[in-house]
Amino acid sequence: MYYGEIKKVDIANGPGTRVSLFVSGCRRHCRDCFNAETWDFCFGQPYTKQTEQEILDALTPRHIHGLTVLGGEPFEPENQGEILELMKKVRRVYPNKTIWCFTGNTLENDILAEGGCGRCDVTDELLRQIDVLVDGAFMTERRNLMLRFRGSDNQRLIDLKPTLESGTVVLWEE
């Protein structure tokens, strides 16, 4: 896996101050994507154990509320294994910090559905690590600058733990 950027102080991609990892690789290619350079699976730098440690260290301060993973596309099958390992370590080391993940996929059609484009052998375990999943492709015609943590009104902030328990999408509320 490659990554384009690590933001160690990010206030735009989830509540509070967060560490954000922008992974590389996306087949979706949304029109007017804000991060189109990350479509290339080899954009940026290789993700290594040193990268993982850099992220873990950046999460240490008490004022950091959690980790956000976005891209590119975290739910590309090529990215899920490394992201899963990172999230499991974050859960172990920082159990009180939240994990958010952004995807252009939709939970029901692309990630949970058998044969969906965002599904592979580690997808279910990856979903269990995430507190809030922001799903849905960015759509220019539905762009809304008044929304928090997303760019178009088709995107949802899904409270993933109750969603997975109930089998019905539960939206996140502050």
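This is a short talk on how one predicted model is put together, from its sheet to a few odd backbone spots.

Okay, ground rules before the tour. The model is predicted, so local features need pLDDT of at least 70 and side-chain atom pairs count only at pLDDT 80 or more, while totals for chains, interfaces and linings use all residues. Residues are numbered from 1 along each chain as its sequence is written, and side-chain values use heavy atoms, with hydrogens and water left out.

Let's start with the sheet. It's an open one with seven strands, in the order β3-β1-β2-β4-β5-β6-β7, and the pairing is mixed. Helices here are DSSP runs of H or I with at least four residues, strands are runs of E with at least two, and both are numbered from the N terminus. Two strands pair if DSSP finds at least two bridges between them. As general background, strands of a sheet pair through backbone hydrogen bonds, either parallel or antiparallel.

Which strands stand at the edges? Those are β3 (45-46) and β7 (156-159); each has a single partner strand, so one side of each has no neighbour in the sheet. On the β3 side, β1 (residues 2-10) is joined to β3 by two bridges, and the two run antiparallel. Tyr-3 is the residue opposite Gln-45 of β3.

Helix α1 (residues 49-58) packs on this sheet, touching β1, β2 (17-23), β3 and β4 (64-71). Contact means heavy atoms within 4.5 Å. The direction of α1 makes about 15° with that of β1; axes are lines fitted to C-alpha atoms, for helices over the stretch in contact, with angles from 0 to 180 degrees between N-to-C directions.

One residue to click on in α1 is Asp-57. Is Asp-57 exposed, partly exposed or buried? Asp-57 is partly exposed, at 47% relative accessible area; buried means under 20%, exposed over 50%, and partly exposed is in between, using a 1.4 Å probe and protein chains only. The side chain of Asp-57 makes a polar contact of 2.8 Å with that of Gln-53. A polar contact is a pair of N or O atoms within 3.5 Å; within protein, one must be able to donate a hydrogen and the other to accept it, and residues adjacent in sequence count only if both atoms are side-chain atoms.

Now to the other end of the sheet. Strands β5 and β6 run parallel, joined by three bridges, and Cys-101 has Leu-133 in β6 as its bridge partner. Then β6 and β7 pair antiparallel over four bridges, with Asp-135 partnered by Arg-156 in β7. Strand β6 is covered on both faces: Val-132 and Val-134 on one side, Leu-133 and Asp-135 on the other, all buried.

In the loop between β6 and β7 you'll find Gln-155, and this one is buried, at 13% relative accessibility. What does its side chain reach? A polar atom of the Gln-155 side chain lies 3.0 Å from the backbone oxygen of Gly-136, and one lies 2.9 Å from the backbone nitrogen of Gly-151.

On to the aromatics. There are three aromatic pairs, where rings of Phe, Tyr and Trp (its six-membered ring) pair if their centres lie within 6.5 Å; planes under 30 degrees apart count as stacked, over 60 as edge-to-face and the rest as tilted. Trp-100 and Phe-149 have ring centres 5.3 Å apart and planes at 75°, so that pair is edge-to-face. Trp-100 is in β5 (residues 98-102) and Phe-149 in the loop between β6 (132-135) and β7, so the pair ties together parts 49 residues apart in sequence. Both of these residues, Trp-100 and Phe-149, are buried, and ring pairs link them with Trp-172 into a cluster.

A quick look at helix α2. Its buried residues include Ile-83, Leu-84 and Met-87, and the buried residues of α2 pack against β2, α1, β4, β5, α4 (123-129) and α5 (160-166).

Last bit: odd backbone spots. Most residues other than glycine have a negative phi, and most peptide bonds are trans. Here, Phe-149 has a positive phi near 65°, and Asp-32 has one of about 65°, in the loop between β2 and β3. Finally, Gly-71 and Gly-72 are joined by a cis peptide bond, with omega about 25°, and Gly-72 belongs to the loop between β4 and α2.
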